[in-house]
Amino acid sequence: MYTSFAEVYDQLMDNVNYERWADFYADMLHANGVGVGEKVCECACGTGGLTLPLVRRGFQMTGVDLSQEMLWIAAQKARKQGIGLPFIQQDMRKLHLHRQMDAVLATCDGVNYLLTDEDVCAFFRAAYAAMRPGGVLIFDISTPW
């Protein structure tokens, strides 16, 4: 689905300041009790534009995306930066991880890719199940309600 798109995604998103966004989300995570060294899953992580800066800020990141092509690019970026982390091809509506997370993120309009109320509810249920008790879910949307 995203094969051709993955190849040009970073060029299209060149104007996004991922470092500033990483600062914003790191501050939000800290403010909600998720500290350095804790486990954070980013759903719809794409090519890792935000995932990798969050690793550099000390979080144990796991990147999840539906597109294997996007994940391949993210893994190549991580390798070039000397960063090792899991990138998992998975539908965020069916998020299932091998360990509980301290936080789940769906940034950069990731939730906007969910087209129905049922899809959004499925993601929220899956994210809740993927977190430890008291875990933090942070997401953004640009759709007006």
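**Surface, helix H2 and aromatic rings**

Author: Let's start outside: the protein chain has an accessible surface of about 7,900 Å², and 55% of that belongs to carbon and sulfur atoms. The area comes from the Shrake-Rupley method with a 1.4 Å probe, and for residues only the protein chains shown count as cover. This is a predicted model, in which local features need pLDDT of at least 70 and side-chain atom pairs count only at pLDDT 80 or more, while totals for chains, interfaces and linings use all residues. Residues are numbered from 1 along each chain as its sequence is written, and side-chain values use heavy atoms, leaving out hydrogens and water.

Reader: Thanks! How many helices and strands does the protein chain have?

Author: There are 5 helices and 5 strands, where helices (H or I, at least four residues) and strands (E, at least two) are DSSP runs numbered from the N terminus. Along the sequence they follow the pattern α-α-β-α-β-α-β-β-α-β.

Reader: What makes the span of helix H2 close to the one expected?

Author: The expected span is 1.5 Å times one less than the number of residues. Helix H2 (residues 18-31) has 14 residues, for which 20 Å is expected, and its first and last C-alpha are 19 Å apart. Just after H2, Gly 33 takes a positive phi of about 85 degrees.

Reader: Which residues of H2 are buried, and how do you know that they are on the same side?

Author: Buried means under 20% relative accessible area, exposed over 50%, and partly exposed in between (1.4 Å probe, protein chains only). Tyr 18, Ala 22, Tyr 25, Ala 26 and Leu 29 count as buried in H2. They cover an arc of only 105 degrees around the axis, so they share one side of H2; the arc is that of the directions from the helix axis to the C-beta atoms. The face turned away from that buried side carries the exposed Arg 20, Asp 27 and Ala 31.

Reader: Why is the aromatic pair of Trp 21 and Tyr 25 called stacked?

Author: Rings of Phe, Tyr and Trp (its six-membered ring) pair if their centres lie within 6.5 Å; planes under 30 degrees apart count as stacked, over 60 as edge-to-face and the rest as tilted. By this rule there are 5 aromatic pairs. Trp 21 and Tyr 25 are 5.8 Å apart centre to centre, with 25 degrees between the planes, and so are stacked. Both lie in H2, 4 residues apart, about one turn of the helix. Together with Phe 24 they form one aromatic cluster.

Reader: Why is Tyr 25 called buried, and why is Trp 21 called partly exposed?

Author: Tyr 25 has 2% relative accessibility, so it falls under the 20% limit. Trp 21, at 38%, lies between 20% and 50% and is therefore partly exposed.

Reader: What makes the pair of Phe 123 and Phe 124 tilted?

Author: Their ring centres are 5.7 Å apart and their planes are at 45 degrees, which is neither under 30 nor over 60, so the pair is tilted. Phe 123, at 0% relative accessibility, is buried, whereas Phe 124, at 28%, is partly exposed.

Reader: Where does Phe 123 lie, and which residues is Phe 123 in contact with?

Author: Phe 123 lies in helix H5 (residues 117-130). Contact means heavy atoms within 4.5 Å. Leaving aside neighbours within four places in sequence, the contacts of Phe 123 include Cys 43, Met 92, Val 104 and Leu 137. Phe 123 and Met 92 are 31 residues apart in sequence, yet 5.8 Å apart in space, C-alpha to C-alpha.
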